[in-house]
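Reader: I've just opened this one and I'm not sure how to read it. Could you walk me through some features, one idea at a time?

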Amino acid sequence: MKAVLVAKAGGPEQMSVGEVPRPIPGEGQVLIRVIATSVNGADLVQRAGRYPAPPGESEILGLEAAGEIAALGSGVAGWKVGDAVMSLVAGGGYAEYALAWAGHLLPKPENISFSEAACIAEVYLTAYLNLFLVGELKDGETLLVHGGGGGVNTAAIQLCQELVPNSRMMVTASPKKVERVRELGVAQVVNYRAEDFAKAAKEFTEGRGLNLILDHIGADYLDANLRALGVGGRLVVIGISSGPRAELNLGRMMVKRQRVIGSVLRSRTVAEKAGLIASFRAAIMLALEARRIVPVIHAVFPLELAAEAHRAMAAGAHFGKLVLKVAPDGVE
Ligand SMILES: NC(=O)c1ccc[n+]([C@@H]2O[C@H](COP(=O)([O-])OP(=O)(O)OC[C@H]3O[C@@H](n4cnc5c(N)ncnc54)[C@H](OP(=O)(O)O)[C@@H]3O)[C@@H](O)[C@H]2O)c1
């Protein structure tokens with residue numbers, strides 16, 4: 001089968017399409033004929049050699065796949081060959097066929113395209129997990145999402161609007177994305193290059209500080225994040241793009257009873273992910289079917305141009321998701 005291969009850890013120039021054997025589904029797994037996948041921030045880090053696939057998982061890039069079931073492994077119930085699905089995969093999405101655990105599949109709603117379906121699993125599950133299960137966000141609370149134009153963060157905005165409509169959200173964005181984030185319905189957007197978001201958060205909450213922050217910047221934002229949080233506030237760190245180490249004011253954290261929580265999705269167990277997906281399915285599928293939630297797609301690239309898609313993401317010009325189209329689907 002065709003797959004994107006990385007010759008050696010490095011830049012996008014290391015990526016090219018080559019031939020590899022088609023995987024065979026084991027017990028509890030299915031083989032998906034991939035119609036579309038999408039680029040995630042982690043793919044760029046994996047390509048550069050700093051985020052290897054978990055042991056035993058495919059080393060091919062790609063954390064999600066949308067397509068049709070091509071074969072079932074033993075012991076799989078509730079799914080059949082030909083079903084249209086979207087799935088989290090721990091690796092292997094940038095290929096014509098990918099393995100997925102049956103417990104990680106979601107049925108593709110009829111009225112969303114395969115390109116849209118390829119943008120659900122990784123970013124919406126990450127946002128859902130970290131806002132609601134890890135971050136314990138409740139309706140009526142205040143929150144800050146950093147980097148509103150990204151894949152995870154556009155998903156986070158939409159999930160809050162659907163699930164906690166009385167929450168009050170503020171979002172940081174680079175100047176060129178501020179207006180686009182407002183168009184998603186966010187009233188309070190802070191240009192992080194020009195404004196102090198901690199000060200803006202205090203004003204936004206009339207001095208109380210925020211209940212929750214979803215952060216993927218890490219070290220450079222730690223102190224300002226904790227200043228922006230109020231008493232009992234939670235900071236959920238899902239990325240460390242500015243680095244992993246920073247000084248922590250434990251005194252302020254203690255007095256304000258704040259929590260800093262690190263969280264990753266990819267290395268969770270198969271059973272943990274299945275539980276998360278069942279919870280997500282119950283909470284969100286109706287909104288997807290009704291197109292109240294529609295992923296924001298910036299551009300669609302053929303699989304052969306995966307390196308171009310990586311360059312586009314590295315340049316940060318995208319707003320929302322970058323899709324890789326692996327095969328025509330005849331449905332869109
Ligand atoms: N822990 C997990 O399980 C998990 C799972 C999925 C993703 N992640 C992490 O989540 C992050 C986002 O992933 P993604 O796929 O959504 O990537 P993405 O689409 O590239 O989104 C990142 C966004 O952050 C913005 N940004 C960059 N620097 C910023 C800054 N200093 N302050 C505020 N915003 C900034 C970028 O836009 P501008 O450059 O225009 O500001 C971009 O919109 C990545 O770090 C990824 O590794 C973690």
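Author: Sure, let's begin with cover. A residue is called buried under 20% relative accessible area, exposed over 50%, and partly exposed in between (1.4 Å probe, protein chains only). Before we use that, some housekeeping: this is a predicted model, where local features need pLDDT of at least 70 and side-chain atom pairs count only at pLDDT 80 or more, while totals for chains, interfaces and linings use all residues. Residues are numbered from 1 along each chain as its sequence is written, and side-chain values use heavy atoms, with hydrogens and water left out.

Reader: Okay. Are Lys-321 and Glu-64 buried or exposed?

Author: Lys-321 is buried, and Glu-64 is too. They also meet through their side chains in a salt bridge, 3.6 Å from N to O. Lys-321 sits in strand 15 (residues 321-325) and Glu-64 in strand 4, so to speak two distant parts of the chain, 257 residues apart, linked by the pair.

Reader: What counts as a salt bridge, and what counts as a strand or helix?

Author: A salt bridge is a side-chain nitrogen of Lys or Arg within 4 Å of a carboxyl oxygen of Asp or Glu. Helices (H or I, at least four residues) and strands (E, at least two) are DSSP runs, numbered from the N terminus.

Reader: How many salt bridges does the structure hold?

Author: It holds 15. One of them joins Lys-2 to Glu-304, with the closest N and O atoms 3.1 Å apart. Lys-2 lies in strand 1 (residues 2-6) and Glu-304 in the loop between strand 14 (297-302) and helix 10, so this pair ties together parts that are 302 residues apart in sequence. Lys-2 counts as partly exposed because its relative accessibility is 21%, and Glu-304 is partly exposed as well, at 46%.

Reader: What about a salt bridge inside one helix?

Author: Here's the general idea: an α-helix has 3.6 residues a turn, so residues three or four places apart point the same way. In this structure, Arg-182 and Glu-179 both lie in helix 5, three residues apart, about one turn of the helix. Their side chains meet in a salt bridge of 3.1 Å, N to O. Arg-182 is partly exposed at 36% relative accessibility, and Glu-179 is partly exposed at 46%. Salt bridges can also form a network, as they do among Asp-223, Arg-227 and Arg-252.

Reader: How do I read the empty spaces?

Author: Rolling a probe the size of a water molecule over the atoms shows where empty space is left. On a 1 Å grid over the protein atoms alone, a cavity is a set of points where a 1.4 Å probe fits but cannot get out; a pocket is an open set with protein on both sides within 12 Å along at least five of seven lines; lining residues have an atom within 4 Å of a point. Grid points are joined across faces, edges and corners, and a volume is the space filled by probe spheres set on the points.

Reader: Which residues line the largest cavity?

Author: Leu-63, Leu-88, Val-89, Ala-90, Glu-122, Arg-266 and Lys-273 do. The search of the whole structure finds one cavity of 30 Å³ or more, and the largest holds about 30 Å³ of space.

Reader: And what is the volume of the largest pocket?

Author: About 1,600 Å³. Its lining has 50 residues, and Gly-41, Ala-42, His-216, Gly-239 and Ser-241 lie nearest the centre. Helix 1 gives the most to that lining, with five residues. For residue types, Ala, Val, Leu, Ile, Met, Phe, Trp, Tyr, Cys and Pro count as nonpolar, Asp, Glu, Lys and Arg as charged, and the others, Gly among them, as polar. By that scheme, the pocket lining divides into 21 nonpolar, 21 polar and eight charged, while the lining of the largest cavity has four nonpolar, no polar and three charged.

Reader: Back to cover: how many residues of helix 3 are buried?

Author: Helix 3 is mostly covered, with 13 of its 14 residues buried. Glu-136, which follows helix 3, has a positive phi, near 55 degrees. Elsewhere, Leu-144 is found in strand 8 (residues 142-145) and is buried, with a relative accessible area of 0%.
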